[in-house]
Amino acid sequence: MISPMIDAVDITSLGAQGDGVTPDGIFVPGALPGERARVSVAGHRATVMEITQSAPDRIAPVCTHFGICGGCALQHASDGLLSGWKRDLVFRALAARGITGIEIAPVHTSAPRSRRRVTFTGRRTKKTVAVGFHAAGSDQIVPVSECDLVDRSIVKALPALAELVREGASRKGELRLSVTTSATGLDVAVTGGKPVEGRLYGQLVAVAAVSDFARLTWGGELIVNRRPPVQPMGRAQVLPPAGGFLQATQDAEAYLVAAMREAVAGAARIADLFAGCGTFALPLAEEADVLAVDSEADALDALYAAWRQAPGLHRLRTAARDLFRRPLLTREMNGLDAMVFDPPRLGARAQMEQIAGTTLTRIGAVSCNPATFARDAHILIDAGFRLNWVRPVDQFLWSPHVELAAAFERD
């Protein structure tokens, strides 16, 4: 076995995961551009032993768990460094596909403690209970008592979540506890626990009552529904499926919705692909007829129910469809004026190839992966669309994650 080598290195850039990078391509977690460090090198990665020259952009982390918990990678970097780096990630992804000369806005960043949804991991042993996040690259759970990312109401619920783990976790597995704020209280969805039988149901009800959860589901089974945990989407009030997808912060959601309204302004017939439970479809239905398509039927049911109860919306139709296996065909989209899409990290290449042959003239795009967005954008540009603008969004503060909104148009 080769022993790690101790070396002094200069850090010249940040890699895609937020690690410092040396001129010869060694990745150094925890180091920043402009720093010099003594490190222990093993292959292409190194461990910092001492920062011998700090960068002006190094700041004190805000959380006592930083460096142990795997939830944040960059609390030691200034806001200016983070926003510039994330904007550059988008720029480089586009440039790698030959897309240059595009207006890339400054990064829109959500504030600390604004995350409205988070998933904790829970584990029980004979004597202890742990609720927190996995350490980086490990299955070890780091218990957390605070978190400067998430809404304070979620942090206050940590003791109650620990009680759920104590009552309902087996000693061999892990629980996943998805917690979302809502207009009526916390919406908690737990998976991986013991079957709800015997005394467990009453114990779960008791924890939910003491903690005043709006809703508690356990392995998909509804345990408590004291107050429907609705989410506002435009004029509508949506009751999402338990554990269903929502944008991470309300601030970022409002920014993305405004961007999509602008991208397809004036269109009378719009398709919203990967629509979920209505983040974009319902606000867009205030001005246009909307076709909402998603693979999750329960999300579409929630969207449709909210549309029926909201006043003054235009016509809305839904279609449950796996757009990776069965993208909307070109002929199915002719007659539409515009389209909005917000795919998972894999992007939507098959769907873009079908869109390329349509008569659509305006497209709004939201993406959580600049690399697959650039690939998909290249397909649309080859089909005659021009990319008018790109607006990066950081709603996963202190992480290497960056999202974006964009607008395409063709004559």
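Me: How far is the sulfur of Cys 277 from the closest cysteine sulfur?

Reply: The model is predicted: local features need pLDDT of at least 70 and side-chain atom pairs count only at pLDDT 80 or more, whereas totals for chains, interfaces and linings use all residues. Residues are numbered from 1 along each chain as its sequence is written, and side-chain values use heavy atoms, with hydrogens and water left out. A disulfide is a pair of cysteine sulfur atoms within 2.5 Å. The closest cysteine sulfur to that of Cys 277 belongs to Cys 368 and is too far for a bond, at 16 Å.

Me: Is Cys 277 buried or exposed?

Reply: Buried means under 20% relative accessible area and exposed over 50%, with partly exposed in between (1.4 Å probe, protein chains only). The relative accessibility of Cys 277 is 4%, so this residue counts as buried.

Me: Which cysteine has the sulfur nearest to that of Cys 63?

Reply: A search of the whole structure finds 0 disulfides. Cys 63 is accordingly in no disulfide. Its relative accessibility is 12%, so Cys 63 counts as buried. The nearest cysteine sulfur lies 6.3 Å away and is that of Cys 147.

Me: What distance separates the end C-alpha atoms of helix H1?

Reply: Helices (H or I, at least four residues) and strands (E, at least two) are DSSP runs, numbered from the N terminus. The expected span of a helix is 1.5 Å times one less than its number of residues. Helix H1 covers residues 79-96, which makes 18 residues and an expected span of 26 Å. The distance between its end C-alpha atoms agrees with this, at 26 Å.

Me: Which helix do the buried residues of H1 pack against?

Reply: The buried residues of H1 include Leu 81, Trp 85 and Lys 86. Contact means heavy atoms within 4.5 Å. These buried residues pack against strands S2, S7, S23 and S24, and against helix H10.

Me: Why are the buried residues of H7 on the same side of the helix?

Reply: Helix H7 runs through residues 297-309 and reaches 19 Å, close to the 18 Å expected. Its buried residues are Ala 299, Leu 300, Ala 302, Leu 303, Ala 306 and Trp 307. The arc is that of the directions from the helix axis to the C-beta atoms. The buried residues are on the same side of H7 because they cover an arc of only 155 degrees.

Me: Which residues are exposed on the other side of H7?

Reply: What covers the buried residues of H7 includes strand S17, helix H6, strand S19 and strand S20. On the other side of H7, the exposed residues are Asp 301, Arg 308 and Gln 309.

Me: What is the angle between the planes of Phe 120 and Phe 133?

Reply: Rings of Phe, Tyr and Trp (its six-membered ring) pair if their centres lie within 6.5 Å; planes under 30 degrees apart count as stacked, over 60 as edge-to-face and the rest as tilted. A search of the whole structure finds 4 aromatic pairs. Phe 120 and Phe 133 form a tilted pair, with centres 5.2 Å apart and an angle of 35 degrees.

Me: How many residues apart in sequence are the parts that this pair ties together?

Reply: Phe 120 is buried, with a relative accessible area of 1%, and Phe 133 counts as buried at 16%. Phe 120 lies in strand S9 and Phe 133 in strand S10, so the pair ties together parts whose separation in sequence is 13 residues.
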